[in-house]
Amino acid sequence: MSSAGGLSRRRVAGASSSSASDDAPSPSWTPNGPSPNGTVVTHAGSAFEGGSKVACDPRDLDQVQEDSRYGGRMPRLTIMEEVLLLGLKDKHGYLSFWNDSISYALRGCILIELALRRRIALVKDPNQRRSPLADRLVEVIDDKATGETILDEALKMMKGQETDRMSINGWVDLLSGETWNVMKIGYQLKQVRERLAKGLVDKGVLRTEKRNFLLFDMATHPVADVRTKESIVTRAVSLLTATTSAVPPSALDKEGTQCRVTRTVCLVCAAYAASVLDNAFGRLTYEDREAAFQRCDEILAEFACWPFGSTSATGNGGSKRREAVNIGMGNSAPSGRESVLGLVQEVKREMNGEDDPSFHLIAGVLEVLSKLDSLL
C-alpha cells in the first residue's frame, strides 16, 4: 500500500489483515506466541525464545575459546603495570629517582607475563637440563598478538630471533639494554615506564599532568583510580601477612582470572626485586613489616627454583639468608615455610602438568630477579 507521496508502508508485526501480501510474515520470522485478539505476534531478529538467530562477532567466540584454553580470562592490568603502580607516588605521579632496580625488574615481568599468556616457554631439550635455570633457552610457542603494545613488541623480537635462541638471562639483559654487543642494542625496549604509565592512563587508572622540576617540565601521572591501586596493595599485604597454608581470598584477583595465585606470587616477588614493595607496607608496624619482608624472601626462594618448593633440597642462598635473619632476630623457631609450601601447592594446580615449560620459564625469571642486587 503506497501513500500519495510515493512512500511504501513499512511492515510491522501484528498489522491488520487487509492485505495478504502485507500481513504475511517474512520467512526469517518465527512466531513468539498468540496475541490477545488471536493474531500471531512475531519478532524479527528477536533474542527471545523462538526468535530468529542473533548475529555475533566471531572474535568474541575466539576470545572465549582462548580464555578456556588458558584457564581463565586475562586480567585488566598486567604484572608490569601493577609493579609500576606500587612504585608510583599517588599524588606526585612519578617514581623514585634513586630506584635503579625497577627498570631491570620490569623486563623480567614482561617475560613472566608472556609465559603466563602461553606465548613463550623454555626449549624442551634434555641437554638443556644440565644448564643453570637462568641460562636455558627461550622459544616462542604462540606468536599471536596479546593486545598489549609492549608485550607484542617483545614477542615480535623473540620471534625474529628464533634461529639464534637466547637464554632468560640474555633476554632480560637485551630488553633492558645491559649488553656489550653492539649488534644487539636494537633489542632494547625503550621508555618502558613511560609507555606503561600511558597505558594506565588509557585504562583510566592514571591521569597526565605537567610538573615543574626547577629547570625543566616533566609529564607526571598521578593516580586517578585509587580503588585499583588499593586492590593491588591489599593483595600484596594479604599474601605476605598470612600465617596459614591457605591462601586468603583477599590476596587473589577476581574469580575467573587466569592463574590468580601465580600472578599474586609473581607480583610480590617482582615488587620485592624492584624495591617498591615497601610502599605497600605504610600501614603496618615495624615488626609486621619485617615479618612481611621475611615471608616475601621465603616465597621468592621457593619459587626461584625448579621444581617449585625444592629449595630445602638444594640449600640455595635464599634458605641460608632466611636462617641468618632468624638468628639475627633471636628466633630459633622454624620459619613459615609450611605456609609457603601450601602456596606452592596452589600454584602447581594452575600448571599444565608437572613439567610445564611456561612455568619453568617463570622460575628462571624469578631466579634472575632474586640475584638482582648482585647484578646491579
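## Leu-215 and the surface patch

Leu-215 sits in a loop, the one that joins strand 5 (209–213) to strand 6 (216–220). The model is predicted. Is Leu-215 buried or exposed? Leu-215 has a relative accessible area of 83%. Exposed means over 50%, so Leu-215 counts as exposed.

Leu-215 belongs to a nonpolar surface patch with Leu-214 and Phe-216. Together these residues offer about 440 Å² of accessible area.

## Helix 3

Helix 3 covers residues 79–87 and is mostly covered. How many of its residues are buried? The count is nine of nine. The buried set consists of Ile-79, Met-80, Glu-81, Glu-82, Val-83, Leu-84, Leu-85, Leu-86 and Gly-87. Glu-81 and Glu-82 are thus listed as buried alongside Leu-84, Leu-85 and Leu-86.

Which elements cover helix 3? Among them are helix 4 (101–116) and helix 5 (149–160). Helix 7 (192–202), helix 8 (226–241) and helix 9 (260–273) also contribute to the cover.

## Helix 4 against helix 5

Two packed helices are described by the angle between their axes and the distance between the axes. For helix 4 and helix 5, the axes come within 10 Å. They cross at roughly 85 degrees. Angles of 65 to 115 degrees count as roughly perpendicular, so helix 4 is roughly perpendicular to helix 5.

Which residues make the contact? Helix 4 supplies Ile-110, Leu-111, Glu-113 and Leu-114. Helix 5 supplies Ile-150, Leu-151, Ala-154, Leu-155 and Met-158.

## Ser-370

Ser-370 is part of helix 14, which runs over residues 357–370. Its relative accessibility is 30%. Buried means under 20% and exposed over 50%, so Ser-370 counts as partly exposed.

What does Ser-370 touch, leaving aside residues up to four places away in sequence? Its contacts are Leu-300 and Ala-304. Cys-269 lies 101 residues from Ser-370 along the chain. The C-alpha atoms of Ser-370 and Cys-269 are 8.3 Å apart.

## The whole chain

The protein chain holds 15 helices and six strands. Of its 376 residues, 45% are buried. Take the contacts with a separation of 6 or more: 66% of them join residues 24 or more positions apart.

The chain exposes about 20,400 Å². Carbon and sulfur atoms supply 53% of that area.

Conventions
Residues are numbered from 1 along each chain as its sequence is written. This is a predicted model: local features need pLDDT of at least 70, side-chain atom pairs count only at pLDDT 80 or more; totals for chains, interfaces and linings use all residues. Side-chain values use heavy atoms; hydrogens and water are left out. Buried means under 20% relative accessible area, exposed over 50%, partly exposed in between (1.4 Å probe, protein chains only). Helices (H or I, at least four residues) and strands (E, at least two) are DSSP runs, numbered from the N terminus. Contact means heavy atoms within 4.5 Å. Patches are made of residues with over 30% relative accessible area and no salt bridge: like charges are joined within 9 Å, nonpolar side chains (Val, Leu, Ile, Met, Phe, Trp, Tyr) within 5 Å. Accessible areas come from the Shrake-Rupley method with a 1.4 Å probe; for residues, only the protein chains shown count as cover. A salt bridge is a side-chain nitrogen of Lys or Arg within 4 Å of a carboxyl oxygen of Asp or Glu. Axes are lines fitted to C-alpha atoms, for helices over the stretch in contact, and angles run from 0 to 180 degrees between N-to-C directions. Angles under 35 degrees count as roughly parallel, over 145 as roughly antiparallel, 65 to 115 as roughly perpendicular and the rest as oblique.
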